[in-house]
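Q: Got a minute to go over this one with me? Let's see it first.

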Amino acid sequence: MPKIDDVYWLIRAIGDRDYSNARRQIVAMIANEKSNGRDKAVAQLEQALKSWGDNNAKLVELPQNIKSMLYQPECQKDLPQMFLVDEVLAAVNDFMNERDFAENLREAGLLTRNRILLAGPPGNGKTTLAGVIGKELNLPVHILKLSGVVDSYLGSTSKNINAIFEYAYGNRCVLFLDELDAIGKARSGAVSGTGKEYSLTLNTMLTCLDRLPASAVLIGATNMPKLLDPALIRRFELKLWLDNPKAEAIEQYITDYMEKHTVYFDRSHNLIGQPWSKVEEWCIEKHRNVILGRDGGCTTNWIGGYE
Ligand SMILES: Nc1ncnc2c1ncn2[C@@H]1O[C@H](COP(=O)(O)OP(=O)(O)O)[C@@H](O)[C@H]1O
Ligand SMILES: [Mg+2]
């Protein structure tokens, strides 16, 4: 059965005579039924959609140039393996658990949240967390780096953003928009030239976010949230800051690493102020040195004096 949230948005779209949005909601419902293996319902809905009119009947196919920019990450980690500060972990758990209460929320006139913004310095788990959330929700994650879309397709950025969202509606997934600030940069003229292009792109993004069907999940990520337009930030119901680790967390990571791999190495380090990715690399490097009987420093840094 279609989710009540989706039906709600469908009714609203029809009420607003916004038929392209209504069609989008139906496409999302079909994708939902498909992922649940309800072939009969899929056939019925597709048939019904066809009778809507031939122009509307075609399900969205992404242009090849955009398709090649989307990729699905392999997610190695689960939530308990990620080091997150307590508030962030609690917020992620709440977000996921909330989906079991969609009906109750709906009855109270509320919608399930489906838009998350992840921000923080590089290497602190934005991409990893998106993968983990997809895994937990049992949905594939499609990653798209927005800088690529904005850079390479000057002039057709909004059209492409629309196409990507349509694609996400029709293919039940978590859509992960990485480097969301690429849209912010366009305003300064650094990338996309004119301010007109910028406001068109931003408005398209805002509309797409407003119309996101309840069954879709969107995760945005940026290292530079200051570059984002406040209106864009406001669209995200959950905003998580993934920061460089604190000293105690680094110690805990090293302890856990040694326990998990039954290895012991000298734990004096210089990792304060570094992101999680560096902590991980450092442990792996130490581990490798133990296995190879070497006594080296961290070779993941530049060797040979690069400043
Ligand atoms: N909070 C974290 N806990 C454990 N490992 C992490 C964490 N954040 C990042 N890592 C590790 O660092 C690497 C880079 O993380 P990534 O998700 O690509 O960061 P970002 O997308 O924020 O740049 C990954 O291999 C991941 O396993
Ligand atoms: Mg990333």
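Q: Which helices each supply at least two residues of the shell around ligand 1?
A: Helix 8 (126–137) and helix 15 (276–292) do. Helices here are DSSP runs of H or I, at least four residues, numbered from the N terminus.

Q: Any ground rules for reading this?
A: It's a predicted model, where local features need pLDDT of at least 70, side-chain atom pairs count only at pLDDT 80 or more, and totals for chains, interfaces and linings use all residues. Residues are numbered from 1 along each chain as its sequence is written, ligands are numbered from 1 in the order in which they are written, and side-chain values use heavy atoms, with hydrogens and water left out.

Q: OK, how many residues surround ligand 1?
A: 13, with Lys77, Phe83, Gly123, Thr128 and Glu280 the closest; a residue is in if one of its heavy atoms lies within 4 Å.

Q: Which domains do they come from?
A: Domain 2 (64–241) and domain 3 (247–292) each give at least three residues; the bounds come from an automatic or database domain assignment.

Q: What polar contacts does ligand 1 make?
A: Counting pairs of N or O atoms within 3.5 Å, one ligand oxygen is 2.7 Å from a side-chain N or O of Glu280, and a ligand oxygen is 2.8 Å from one in the side chain of Lys77. A ligand nitrogen is 3.0 Å from a polar backbone atom of Gly125.

Q: And how much of ligand 1 gets buried?
A: The protein buries 82% of the 560 Å² that the ligand exposes taken alone, by the Shrake-Rupley method with a 1.4 Å probe.

Definitions and conventions. A polar contact is a pair of N or O atoms within 3.5 Å; within protein, one must be able to donate a hydrogen and the other to accept it, and residues adjacent in sequence count only if both atoms are side-chain atoms.
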